[in-house]
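User: Hey, could you walk me through this protein? I'm new to reading structures.
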Amino acid sequence: MRSLRYVIVDVFTTTPLEGNPLAVFTGGDGLSDATMQALARETNLSETTFLQRAEAGGTARLRIFTPTEELPFAGHPVLGSAWVIARATPIHTIGFETGMGLIPVEIEREGGTLIGARMTQPDPLIGPADVDVEALGRALGTPLIGEPMRAANGITHLLCPVADVSAAKPNMSALAEFEAHTIYTWSPPQGDEMRTRMFSPLDGINEDPATGSAAGALGVHLLESGVIEPGRVYMRQGVEMLRPSLIEVDVAPGEAPRVGGSCAVVARGEFQL
């Protein structure tokens, strides 16, 4: 029988039981793909990660699973897994080997106290969504106020501008027809803050409280379209789920987005397999 230890960390928040929960298995070496997928189904969180020995010069190899599939990259799993490592060792930079290559994460400390982490994400590919905008609005339960865009950075995102994200009442089966991992709704920024919501019917996730990969892609799109200036924008997500999250997105012309925030470790345990 093998003991598999895990940590539950709430990501993109400083408050336990808010943000986006993540299960991190700290000893993933030797696990089969089928076992990791079964464990992800068992935890039944939006993502579960497995830390394994590095193979290509990074700090660790990071495997990311939803309850239904493995992902090459995702935002809150990278941040939360880095947080677990940074709590255990006084490291300043972590390099995760992922399906999208090496993802660097800068660890932020203040007086020796861990206060934040910030990943440099893959550059997203962004283009027109080429969808029926009215049908998409009906599926979301609220009309779009501009053209949606499709972005890809390891997973696909449909970036959907709406007047008020809280007004969305999504039809999940209708949204699934748009074939994107995330349907990411956003409302126009107010100063350096904005509101977002994410729906993921293809992964069996009705709503996600914090989606770092989509936030990074959205930040690049907003910069390139002139909606925001270079610098940091704060995206608030998860409010409607009573799991408020704060995602910090740094963007600059010609540079990959940097996405960060804080985390809260809330539980530890082990599986006996």
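Analyst: Sure, let's go through the domains first and then the empty spaces.

Analyst: This is a predicted model, where local features need pLDDT of at least 70, side-chain atom pairs count only at pLDDT 80 or more, and totals for chains, interfaces and linings use all residues. Residues are numbered from 1 along each chain as its sequence is written, and side-chain values use heavy atoms, with hydrogens and water left out.

User: Cool. Which domains does the protein chain have?

Analyst: Domain 1 (3-119 + 261-272) and domain 2 (125-259), with bounds that come from an automatic or database domain assignment. Their centres, taken over C-alpha atoms, are 23 Å apart. Domain 1 puts 25 residues into the contact and domain 2 puts in 24 residues; contact means heavy atoms within 4.5 Å.

User: How much area do domain 1 and domain 2 bury between them?

Analyst: About 1,800 Å², with 49% of it on carbon and sulfur atoms. Buried area is the accessible area (1.4 Å probe) that two parts lose on being put together, summed over both.

User: And how many salt bridges are there between domain 1 and domain 2?

Analyst: The count is 4, where a salt bridge is a side-chain nitrogen of Lys or Arg within 4 Å of a carboxyl oxygen of Asp or Glu. Glu106 and Arg258 form a salt bridge through their side chains, at 3.0 Å from N to O.

User: OK, new topic: what's the volume of the largest cavity?

Analyst: About 120 Å³. On a 1 Å grid over the protein atoms alone, a cavity is a set of points where a 1.4 Å probe fits but cannot get out, while a pocket is an open set with protein on both sides within 12 Å along at least five of seven lines; lining residues have an atom within 4 Å of a point. Grid points are joined across faces, edges and corners, and volume is the space filled by probe spheres set on the points.

User: Where does the largest cavity lie?

Analyst: Both domains give residues to its lining, so the largest cavity lies between them. Of its 20 lining residues, Glu47, Ile155, Met198, Asp208 and Thr211 lie nearest the centre.

User: And which residues lie nearest the centre of the largest pocket?

Analyst: Phe12, Thr13, Thr14, Ser245 and Leu246, out of 17 lining residues. The largest pocket has a volume of about 210 Å³, and its lining draws at least three residues from each of domain 1 and domain 2.
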